[in-house]
Amino acid sequence: MNAYALRRKRLLALMEPGSVAVLATAPEVPRNSDSDYPYRHDSHFYYLTGFTEPEAVLVLVAPHHDAPAQAILFCREKNAEREIWEGYRHGPEAAREAFGFDAAFPVAALDVEMARLLANVPTLYAPHGRAAQHAQLEPQIKRWIDAVRAQSRTGVTAPETQHNLLPLIDEMRLIKDEYEQATMLRAATISGQAHARAMRASRPGMHEYEIEAELLYEFRRNGAQAPAYNSIVASGANACVLHYSANNAQTRDGDLVLIDAGCELDGYASDITRTYPVNGRFSAPQRALYELVLAAQAAALQAIRPGQPYQAVHDAAVRVLAQGMLDLGLLDKAKYTVDEAVAAKAYTRFYMHGTGHWLGMDVHDVGLYRDVRTAGTPSRLLHAGMVLTVEPGIYVRAGEDVPRQYWDIGIRIEDDVLVTNDGYTILSAAAPKTVDEIEQLMQQARSA
């Protein structure tokens with residue numbers, strides 16, 4: 001049984017006996033009258049199927065009494081003429097064999113088959129409202145249920161209850177199996193190598209988009225299918241814009257460059273941020289802030305182990321950052337102790353985001369951060385197999401009450417981290433991170 005079939009089996013075990021679940025993949029999105037945007041499957045759908053073609057729907061039928069469980073795929077039929085233009089299609093029969101489904105049908109037969117499959121079914125599981133394909137399913141589901149209700153005089157009943165399917169899959173996706181961990185390690189390694197390539201190539205006067213091109217080249221040459229998100233290449237004051245996206249400024253001697261970029265490999269994302277001097281040498285103020293962020297990340301990493309609350313990672317980073325802001329004069333020591341700065345959230349002027357997020361098939365991956373089953377919804381506990389980013393930063397905009405030597409410096413350091421049985425493993429270790437590693441790499445590139 002392949003990994004996708006095993007996941008379907010696990011999901012079926014979570015469903016009510018005799019219930020049915022339906023899940024569609026992402027639609028193709030037209031860019032103009034003659035082409036579409038690059039196609040990317042729905043992550044939930046891919047997690048359960050491994051099937052990457054558009055116009056596909058998965059239906060799961062939970063076992064009940066003597067009736068066995070079923071996993072059914074609806075997909076495009078074989079079409080020799082369309083394949084000339086668009087490439088290979090599995091078609092139902094080949095897809096059934098290749099991906100381990102119990103049955104497969106043309107997607108055009110979906111309405112007819114669903115009216116049959118939902119007859120006398122007590123509960124329907126369907127995705128509720130996160131993406132276009134989820135909204136598109138709603139009128140289809142209404143048609144299917146109406147078709148079943150039309151048979152009521154013959155004693156056929158329609159589902160009386162509907163549940164949201166996505167939270168069940170979200171919780172499954174939060175714990176990565178060995179295959180997922182290996183794929184994410186490879187994705188992070190490719191991205192780490194891309195960050196190193198960008199550092200080696202950077203020179204004052206280059207445009208941010210030229211540096212971005214180095215990243216994209218390294219992603220693709222190593223087999224990654226695409227960036228996992230829009231890359232941020234922010235030099236100078238642009239690094240103080242958290243979601244900077246223009247990537248068109250010209251770097252200047254003395255600038256830092258903040259790169260937040262990662263590839264997607266075989267459906268799994270990486271997410272790495274590094275900050276480095278475009279001329280290859282940190283100034284003293286830059287180095288002081290960089291070492292502070294690095295220390296905050298080290299403290300956050302030490303908080304990662306099974307059984308530890310997720311929130312502890314952020315709290316550890318914040319305390320180090322707040323102390324550093326006081327020591328460097330960014331916060332007023334006459335006004336705050338470190339405890340008071342943390343309690344008042346005074347640090348948020350220079351550090352205004354969280355210290356990480358779940359990572360997986362999506363760069364901001366699914367899964368709750370709080371345990372909603374417990375009173376007060378405390379921070380959920382970490383478990384082996386979870387993957388999260390750890391990304392403290394500091395962003396110092398110019399201001400009359402801010403020491404001038406720190407004006408317009410933005411720094412973020414982000415790694416992809418796997419929770420293990422005895423602690424953690426950094427998946428993104430291929431990206432140089434310490435001051436000495438970065439400066440040595442860049443100086444070697446200039447002397448080559």
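1. A quick term before anything else: "contact" here means heavy atoms within 4.5 Å. With that in hand, helix H6 (residues 132–149) lies across strand E1 (20–24), E7 and E8. The helix runs at about 140 degrees to E1. Bear in mind throughout that this is a predicted model.

2. Now the overall picture. The chain has 448 residues, and 51% of them count as buried. Its secondary structure comes to 13 helices and 19 strands. The C-alpha trace spans about 80 × 55 × 40 Å along its principal axes. About 20200 Å² of the chain is exposed, with carbon and sulfur atoms supplying 52% of that. If you look at contacts with a separation of 6 or more, residues 24 or more positions apart account for 71% of them.

3. On to the sheet that H6 lies across. What is its strand order? The sheet is open, has six strands, and goes E6-E5-E4-E1-E7-E8 with mixed pairing. Strand E6 (103–106) and strand E8 (161–164) each have a single partner strand, so one side of each is left without a neighbour in the sheet. Ignoring direction, neighbouring strands are turned by 20 degrees against each other on average.

4. At the E6 edge, the partner to look at is strand E5 (residues 70–75). E5 and E6 run parallel and are joined by four bridges. Leu73 stands opposite Ala104 in E6, if you want a spot to zoom in on.

5. Helix H1 (residues 3–14) also lies across strands of this sheet: strand E4 (57–61), E5 and strand E7 (123–126). Relative to E4, helix H1 runs at about 50 degrees.

6. Next, the rings. How many aromatic pairs does a search of the whole structure find? Seven. One of them is Phe282 with Tyr290, a tilted pair at 5.0 Å centre to centre with 55 degrees between the planes. Both rings belong to buried residues: the relative accessible area is 10% for Phe282 and 0% for Tyr290. Both values fall under the 20% cut-off, which is why the two residues count as buried.

7. Another pair worth opening is Tyr310 with Trp358, again tilted, at 4.9 Å centre to centre and 55 degrees between the planes. Tyr310 sits in the loop between helix H10 (284–302) and helix H11 (311–327), while Trp358 is in the loop between helix H12 (338–343) and strand E15 (387–390), so the pair ties together parts that are 48 residues apart in sequence. Tyr310 and Trp358 are both buried. Ring pairs also bring in Tyr369, giving a cluster of Tyr310, Trp358 and Tyr369.

Notes. Residues numbered from 1 in each chain as written. Predicted model: local features only at pLDDT ≥ 70, side-chain atom pairs only at ≥ 80, totals over all residues. Heavy atoms only, no water. Phe/Tyr/Trp six-rings, centres within 6.5 Å; stacked < 30°, edge-to-face > 60°. Buried < 20%, exposed > 50% of the residue type's maximum accessible area, 1.4 Å probe, protein only. Helix = DSSP H or I, 4+ residues; strand = E, 2+ residues; numbered from the N terminus. Pairing = 2+ DSSP bridges. Axes fitted to C-alpha atoms, helices over the stretch in contact; angles between N-to-C directions. Areas by Shrake-Rupley, 256 points an atom, 1.4 Å probe, with all protein chains shown as cover.
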